[in-house]
Amino acid sequence: MASKSVLNDSKQVERAVALIQLGARLQVLESETDLSYERLLRLYKEVAGRSPSKGQLPFSTEWFLTWQPNIHASLFQNTYEYLTKVSAMEDIDAVMAAYRLYTEQIAACGVEPLLSITRAWRLVKFIDNNMLSMTKCSKCGGHFVSEAYENTRHFECGLCTPPARAGKGSAIGGILLH
Ligand SMILES: [Zn+2]
């Protein structure tokens, strides 16, 4: 039993370190590991080389529905849902794996990532809690983050119907339409 808990402990530490390296807020670590606050704080300082930022997490669903963030969030969520379907990964590990893939794809497009790991983690929770959902675009057929009870018949995504102010040349646009 002692060895089992040592193994579990090292797994928890490994997960916490990976989350810190991805830039997660302390609240995410508290929620996703069994490690004490004091221990997480020490780990955070050691790995990040600074104290964790204070203050509230972003709690609003609104951000995910604004034009460009929505495209980034949708890219992440599609990847996350794919990973949880095809693998037996635990949810938080799938969040991290999907987030890494998201940042790689974004970098390949020469675009700055808008979605932080903390927001990605929140997004999964919002969708789990039916505060947001994924809706199929009636034009391109891609799946996008939307209001929880979006009208699927008329839903058009931000790539098919960008806001007037968007102008042309959204480099990231192509990603979801591949
Ligand atoms: Zn579309």
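**Exercise 1. Find where Ser-51 sits in the chain, and decide whether it is buried or exposed.**

Step 1: Look in the loop between helix H3 (37-48) and helix H4 (67-86), where Ser-51 is found. Helices (H or I, at least four residues) and strands (E, at least two) are DSSP runs, numbered from the N terminus. This is a predicted model, in which local features need pLDDT of at least 70 and side-chain atom pairs count only at pLDDT 80 or more, while totals for chains, interfaces and linings use all residues. Residues are numbered from 1 along each chain as its sequence is written, and side-chain values use heavy atoms, with hydrogens and water left out.

Step 2: Check the accessibility. Ser-51 has a relative accessibility of 41%, so it counts as partly exposed. The scale runs from buried (under 20% relative accessible area) through partly exposed to exposed (over 50%), with a 1.4 Å probe and protein chains only.

Step 3: List the contacts, meaning heavy atoms within 4.5 Å. Setting aside neighbours within four places in sequence, Ser-51 is in contact with Tyr-44 and Lys-45.

Step 4: Add a distance. Ser-51 and Leu-26 are 25 residues apart along the chain, and their C-alpha atoms are separated by 9.7 Å.

**Exercise 2. Work out which residues Arg-15 touches.**

Step 1: Go to helix H1 (residues 2-21), which holds Arg-15.

Step 2: Arg-15 counts as buried because its relative accessibility is 8%.

Step 3: Not counting residues up to four places away in sequence, Arg-15 touches Glu-32, Glu-90, Ile-92, Asp-93 and Met-96.

**Exercise 3. Describe how S1 and S2 pair.**

Step 1: Strand S1 covers 132-136 and strand S2 covers 143-147. They pair in the antiparallel sense over five bridges; two strands pair if DSSP finds at least two bridges between them.

Step 2: Pick one bridge to look at: Lys-136 has His-143 in S2 as its partner.

Step 3: Follow the turn. S1 and S2 form a hairpin with six residues between them, and Gly-141 in the turn has a positive phi of about 80°.

Step 4: Note the cover on S1, where four of its five residues are buried.

**Exercise 4. Identify the atoms that coordinate the zinc ion, and name their arrangement.**

Step 1: Find the donors (N, O and S atoms within 2.8 Å of the metal, or 3.2 Å for Na, K and Ca; water is not among the atoms, so sites may look incomplete). The SG atoms of Cys-137, Cys-140, Cys-157 and Cys-160 coordinate the zinc ion at 2.3 Å.

Step 2: Inspect the angles. The four donor atoms subtend 104 to 114° around the zinc ion, so the arrangement is tetrahedral; for four donors, that label needs all angles between 85 and 135 degrees.

Step 3: Read the spacing along the chain, which is C-x2-C-x16-C-x2-C. Cys-140 lies in the loop between S1 and S2 and Cys-157 in the loop between S2 and H7, so this pair ties together parts that are 17 residues apart in sequence.

Step 4: Compare accessibilities. Cys-137, at 3% relative accessibility, counts as buried, and Cys-157 is buried with a relative accessible area of 1%, whereas Cys-140 counts as partly exposed at 31%.

Step 5: Look at the surroundings. Among the residues that Cys-137 touches are Phe-144, Phe-155 and Cys-157. Leaving aside neighbours within four places in sequence, Cys-157 is in contact with Cys-137, Cys-140 and Phe-144.

Key
Four donors count as tetrahedral if all angles lie between 85 and 135 degrees; four count as square planar and six as octahedral if opposite donors are over 155 degrees apart and all others between 65 and 115; anything else is irregular.
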